[in-house]
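Student: Can we go through a few local features of this one? I'd like the conventions up front.

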Amino acid sequence: MMHMKVGKCPEAKLTYTGKVYLHSRDFHQLLGADADVASMNICVRDASGVEHAFTAAKDDRMAPGEVGMNQLHRTAASVQWMVDNPVDVSKIQQTQLATNVTLVAERLGNTKKGASARPLSGQELTDQFGKVFAGQMVFVGAQFPLKAAGAVLKVTVRDFGVLDLGEDTSGQAQVVNSNFAQLDAKSNVVWETGESVAISGKSLQSTLFDTSFDFGKLGIGGLGAEFNLIFRRAFAPRCFNASVIKQLGIKHIRGMLLFGPPGCGKTLIARKIGQVLNAREPQIINGPEILNKYVGASEEAIREKFGPAEEEQREKGDDSELHIIIFDEIDAICKQRGSTNDGTGVGDSIVNQLLSKLDGVESLNNILVIGMTNRKDLIDDALLRPGRLELHVEIGLPDRAGRFQILMIHTKSMRESGRMTNDAAAYLTELSENTKNYSGAELEGLIRAAAQYALRRGLQTDDDGSKRQINMDMVVVERQDLEQAFQNDIRPAFGNDETEMSTYFPNGIIDYGPTFQALETAVQSAIEQVKTSARSPITSMLLYGPPKSGKTALMAKLAKDSEIPFVRMVSADAMVGRGEMARVERIAKSFKDSYRSPISMICLDDIERLLDYVRIGPRFSNNALQTFLILLKKLPPNNHRLLVVATTSSLPDLDALGLADMFDLRREVPHLSQPAEVSAVLNGLPDLEIAQGESVESIAQQMAGPIGVKQLLTVVERARVLDSNGRLTASGFSDALLDAVQI
């Protein structure tokens, strides 16, 4: 900071630059001796502590220790020259971009003859003001002399906002208050007429995007962070004058790719971008629409989409508006070149045409191509490099706050119209906590299903169904409607399907003693580890033992109760009839899907069956084996954790294949070998009747050797069928054991 006196501009014509002037020695002292720039932004603070911002240049005609201001500067800052009242001058370290600038124009001094006979063009004033004063600092009350259309005007800043493009993920763009900010040639300007001035059109220079938009009003929830990334990388640089971008030596981003699971809002984001941008209406193209049966027609369709942007860039150059082209399902037309065998080569030609338009010899600077896909892995690598579809934004599953925002959006109408009870509205907070791994589309479907329960309640019918009567007062969504929709109607594609898991233990799980308790504790500790330990991104456990020992039931029961949001059962019965590569792709997809959830669990049932392993030969699928060897040690993405639990009845064979060593933990699930364990299982069976004079202990003594818990249940049911009264007897149990195959 320097104490300086206020002086006059060193030359009259410099008044019209809008800058203040410093001696080069003072200039470099404020800026830094090693720096070499033509101007800098400074803060001038008077004796009362009031601060004003100006843009300073160096001129050695100024006396050292003085800051040269024109009359408008001195009036705006309330300072005087030739008065011994020094001001404090300091360099402004960080500036923000001014937007929504309101300017008042008044005539200043003499004007050329006939200049006042016609109104001044608002667009002409805007262009001239941006050309002369771009990059300079403004504050409320700042005054600038402007020559335009033969008139000399005094332009006063009445109001402005500051555009904040920071890391705000609240879902709403902000225009924040600030004492001063920096003008840009593209700053949003609104003109107001002052004394003796008429302005036609009062044209304003529009900013790239509307600063007052709100994601909630647009129907977008839980995507504030993604929008913030898109604005920072793709749109914020376009708010600045083209000269600034050229000085930085960079180019605008011309393309971005939105990818992620279905239903998470990729298409919604792309469609809503046009509503928040002050640009041309986006062109939205479904990928397959480009394909055409005629030779060259598909490539021509690509060229036609870029035609308006090319024509406007030739006419207006850097002043051209932004043209947005959106390709939905871009993987349909931009697959890896050489991956299709249709014999036409159309797919390769489409990719080549799109590459040339994005980053070819005559590449455009006024376009933004947005591609959307569920399968990023299918898209040609050349299209994904920087300079083409440079920005990759994953639109993933919403978090708890995002889910609540989505639920509030989709219930807004029913809440405002009184079609939802207060209890149901309060339940939305709890519902957002329970709907882990629900996508935005699934949450919308859940609200729709709840509304359908209310509609059905409003449609009253007689007992025989012959008459129907509509009661509009009954069409109100209640809490029980939301609960029923959550429990019965909408299940997440990337969730824990408790109904499916329950099919693996229809008779429940019975604690048969210390052996079972040790097993349960071991699996639960692995589940707790993956839920709580950030140092264990992937944990794997192998449950081995003889057939029918209850390995799958134990794994499924603990997975169901784990509260892990994503649980996927991978079993051979779901792959019957599939070829080898189809099986491998199914396995790999299960792992890839698990990476979308912060915490996931994959259950591999009978892993030797997934390998197509048979002992005669021996024979197995090497592709499936290599897939497991790779995926079991592959780390999930950052801040994601995965638990893999597998079952096998052929541990020696997995050892021989080198697969058993890939698991971190092993636990044996043995057969029931003690009568006390059999007694515990029998006592745990509901509705089991023991014949008079018999006891569970006496029946358990009939066991001739170890038996699997699953097989024991089959034996018990057979013994009950053999008894005429449907009761369990020792003799019936013994006879049923003879029919069973002992392992």
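Tutor: What follows covers the conventions, one helix, one helix pair and one loop residue.

Tutor: This is a predicted model, where local features need pLDDT of at least 70, side-chain atom pairs count only at pLDDT 80 or more, and totals for chains, interfaces and linings use all residues. Residues are numbered from 1 along each chain as its sequence is written, and side-chain values use heavy atoms, with hydrogens and water left out.

Student: Which residues of helix 17 are buried?

Tutor: F516, L519, A522, V523, A526, I527 and V530. Buried means under 20% relative accessible area, exposed over 50% and partly exposed in between, with a 1.4 Å probe and protein chains only. Helices (H or I, at least four residues) and strands (E, at least two) are DSSP runs, numbered from the N terminus.

Student: Where do they fall, seen down the axis of helix 17?

Tutor: Within an arc of 130°, taken from the directions from the helix axis to the C-beta atoms, so they line one face of helix 17. The face turned away from that buried side carries the exposed residues P514 and T532.

Student: What covers the buried residues of helix 17?

Tutor: The cover, by contact (heavy atoms within 4.5 Å), includes strand 23 (538-544), helix 18 (551-560) and strand 25 (599-604).

Student: New topic. At what angle do helix 19 and helix 21 pack?

Tutor: About 15°, with their axes 9 Å apart.

Student: And E563, buried or exposed?

Tutor: E563 is exposed, with a relative accessible area of 61%. E563 is in the loop between helix 18 and strand 24 (566-570), and its phi is near 65°, a positive value in a residue other than glycine.

Notes. Axes fitted to C-alpha atoms, helices over the stretch in contact; angles between N-to-C directions.
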